[in-house]
Amino acid sequence: IGATPMPRRLRRGFLYYLTDGREKYIWWCDGREQLFDLQNDPRELCDLVESEPQKLENWRQKLIEKLRERPEGWSDGATLTANQPYFHSMPHAVLG
């Protein structure tokens, strides 16, 4: 699992995703989740959310930890928090 995930803005809203190259977990910031087996389903056509609850929970916990310290408020360290307003913040940037 690579670097801290960044939000992607798509027509369906913001999402975060994690992958290890074999599986891919997607969390939409409205609370929807998707899980794919990239080895057997590289086009991501078969969502495994319903059929793989333990894998889903493992990936969810990884994302909770990744987002815990981020300023957007998507995670409180124990759960993912959907429907937060997203304000792009760059505290290190200086304007002017």
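Tutor: Two rings of Phe, Tyr or Trp (its six-membered ring) form a pair if their centres lie within 6.5 Å; planes under 30 degrees apart count as stacked, over 60 as edge-to-face and the rest as tilted. The model is predicted, so local features need pLDDT of at least 70 and side-chain atom pairs pLDDT 80 or more, while totals for chains, interfaces and linings use all residues. Residues are numbered from 1 along each chain as its sequence is written, and side-chain values use heavy atoms, leaving out hydrogens and water.

Student: How many aromatic pairs does a search of the whole structure find?

Tutor: One pair joins Tyr 16 and Trp 74, edge-to-face at 6.4 Å centre to centre and 70° between the planes. Trp 27 and Trp 74 also pair edge-to-face, because their ring centres are 5.7 Å apart and their planes stand at 75°. For the whole structure, the number of aromatic pairs found is two.

Student: Is Trp 74 buried or exposed?

Tutor: Buried means under 20% relative accessible area, exposed over 50%, and partly exposed in between (1.4 Å probe, protein chains only). The relative accessible area of Trp 74 is 2%, so Trp 74 is buried.

Student: Which residue has its charged end over the ring of Trp 28?

Tutor: A charge sits over a ring if NZ of Lys or CZ of Arg is within 6 Å of the ring centre and within 35 degrees of the ring normal. The charged end in question is 4.8 Å from the centre of the Trp 28 ring, and it belongs to Arg 32.
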